[in-house]
Amino acid sequence: MPEKIDLLDLELPELTDAVTSLGEKPFRARQLWKWLYAGVLDFDGMTDLSAAFRAKLAAGCMAGGLCIADRQVSAQDGTVKYLFGLIDGNLVESVLMRYRYGLSACISTQVGCRMGCEFCASSHLGLVRNLTVGEMTAQVLHMMKDAGERISHVVLMGIGEPFDNYGNVLALLRRLNREDTLEISHRKLTVSTCGMVPAILRFAEEGIPVNLSVSLHAPTQALREQTMPVAKKWPLPELLSACWKYVELTGRRITFEYALVRGWNDSPEHAAALADICRNRLCHVNLIPVNPIPGTSFSQGTTAAVQGFQRILEENGIAATIRRELGSDIEAACGQLRRDTMRQAGKEQQ
Ligand code: SAH
């Protein structure tokens, strides 16, 4: 059987071609597009399309091809973690968080990840494949539909390294920003990278003013390369010069993510070294008390230690926030997402 066409993978002109090749008038593509981005991913719900057209769509097309295999709600804060089944049987997780300013969707960009950061659960089983634009878009649309509410922010901080799937990620960011899709403004879109230097430099030239986060986690090369293999390929001095080049070219502030691990990167000396890196630069530090990952020994310091680390940064004039952890009771917090939640999916199927 030929594979179904993923309509969410198409830009509007391509969708128009697909629609005309099914024997429909070109304007039908606009109608279809409108339904898709309203979160109606089931052709039967597209009530202004003829039954015959809907049947043709169902036979040869799909909209992302995702199904919600599991859904868990945090008793702590209402964060929802979704386990999505992909058309080829793979699984990814995404998280929907509620903030004062609206709903923020944290989506996955790859099935697994090959970056190998030791403190991150997403890395532990390696990379299977990149997600398509359609699959990334569908994560957002399913969550929007499920919440029954507009999604105001999208962060590419789920499973995967966004810059290892560069082309699709760029197309996704452009797609989400369009006024005839979800119209999410650039400053409400965030990409996070573990430090792929050539991609940071390339991204600086794209003219797409979204937020960029860089997962730093250590203020020295010696420390960073202990847990992040990417640091061996692109050492800290190279990474930092790419970051400053990005700031210079875009005029945009960079956010450094720093997961605080007790006894590893959380001493006052580490804070002072981080302050030296950031001093007089257009940047901001986001401190994340490390989330425990089964099979690793990384643990959080005390609240006082975390606050002490933040204080040192602030005394040095560096803007630093401590990230409020959402969804940690359902393993939906930073670094806790995985692609091996078969156990849960299996439970659903019984
Ligand atoms: N690969 C990208 C996108 C993942 S974003 C990146 O590395 O930036 C997820 C963020 O959570 C990253 O900053 C990541 O380093 C961080 N993270 C990973 N494991 C974590 C853990 N156990 N506790 C807290 N943060 C973690």
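Student: I can find lysine 145 in helix 4, residues 133-147; why does lysine 145 count as exposed?

Tutor: The model here is a predicted one, and in this model lysine 145 has a relative accessibility of 54%. The label exposed is given over 50%, so lysine 145, at 54%, counts as exposed.

Student: How far is lysine 145 from asparagine 286 in space?

Tutor: The two residues are 141 apart along the chain, and their C-alpha atoms are separated by 30 Å.

Student: Glutamine 226 lies in helix 7; what makes glutamine 226 partly exposed?

Tutor: The relative accessibility of glutamine 226 is 46%. Buried would require a value under 20%, and exposed a value over 50%, with partly exposed in between; therefore 46% places glutamine 226 in the partly exposed class. As for its position, glutamine 226 and alanine 272 are 46 residues apart in sequence and 20 Å apart in space, taken C-alpha to C-alpha.

Student: Why is alanine 204 called buried?

Tutor: Alanine 204, whose place is in helix 6 (residues 197-204), has a relative accessibility of 9%. Since buried means under 20%, the value of 9% leads to the label buried for alanine 204. The C-alpha atoms of alanine 204 and glutamate 257, which are 53 residues apart along the chain, are separated by 19 Å.

Student: How do you know that leucine 12 is buried?

Tutor: By the same kind of reasoning: leucine 12 has a relative accessibility of 12%, the cut-off for buried is under 20%, and so leucine 12 counts as buried. Leucine 12 belongs to helix 1, residues 12-21, and from leucine 12 to tyrosine 82, 70 residues apart in sequence, the C-alpha to C-alpha distance is 28 Å.

Student: What is notable about the backbone of histidine 217, and is this residue buried or exposed?

Tutor: Histidine 217 has a positive phi of about 65° although it is not a glycine. Histidine 217 sits in the loop between strand 11 (211-215) and helix 7 (221-227), and its relative accessible area is 7%. That value is under 20%, so histidine 217 is buried.

Student: What makes glutamate 331 partly exposed?

Tutor: Glutamate 331 has a relative accessibility of 26%, which lies between the bounds of 20% and 50%, so partly exposed is the fitting label. Glutamate 331 also has a positive phi, of about 50°, although it is not a glycine, and lies in the loop between strand 14 (320-322) and helix 12 (342-349).

Student: Which residues are closest to the ligand?

Tutor: The ligand is surrounded by 20 residues, of which the closest are Phe119, Ser192, Ser215, His217 and Asn291. The shell consists of ten nonpolar, eight polar and two charged residues.

Student: How do you know that phenylalanine 119 makes a polar contact with the ligand?

Tutor: A backbone N or O atom of phenylalanine 119 lies 2.8 Å from a nitrogen atom of the ligand. A polar contact is a pair of N or O atoms within 3.5 Å, so the pair at 2.8 Å qualifies. For asparagine 291 the distance from a backbone N or O atom to a ligand nitrogen is likewise 2.8 Å, while for cysteine 334 it is 3.4 Å, which is within 3.5 Å and therefore also counts. Taken alone the ligand exposes 530 Å², and the protein buries 96% of that. Two elements, strand 10 (189-193) and strand 12 (254-260), give two or more residues to the shell around the ligand.

Student: Which residues have the most contacts inside the largest nonpolar core?

Tutor: That core has 105 residues, and those with the most contacts inside it are Leu32, Val154, Phe203 and Phe256. Helix 9 (residues 236-250) gives the most to this core, with eight residues, and the core draws at least three residues from each of domain 1 (5-62) and domain 2 (67-349).

Technical notes
Residues are numbered from 1 along each chain as its sequence is written. This is a predicted model: local features need pLDDT of at least 70, side-chain atom pairs count only at pLDDT 80 or more; totals for chains, interfaces and linings use all residues. Side-chain values use heavy atoms; hydrogens and water are left out. A residue is near a molecule or strand if one of its heavy atoms lies within 4 Å of it. A polar contact is a pair of N or O atoms within 3.5 Å; within protein, one must be able to donate a hydrogen and the other to accept it, and residues adjacent in sequence count only if both atoms are side-chain atoms. Accessible areas come from the Shrake-Rupley method with a 1.4 Å probe; for residues, only the protein chains shown count as cover. Helices (H or I, at least four residues) and strands (E, at least two) are DSSP runs, numbered from the N terminus. Ala, Val, Leu, Ile, Met, Phe, Trp, Tyr, Cys and Pro count as nonpolar, Asp, Glu, Lys and Arg as charged, and the others, Gly among them, as polar. A nonpolar core is a set of buried Ala, Val, Leu, Ile, Met, Phe, Trp, Tyr and Cys residues joined through side-chain atoms within 4.5 Å. Buried means under 20% relative accessible area, exposed over 50%, partly exposed in between (1.4 Å probe, protein chains only). Domain bounds come from an automatic or database domain assignment.
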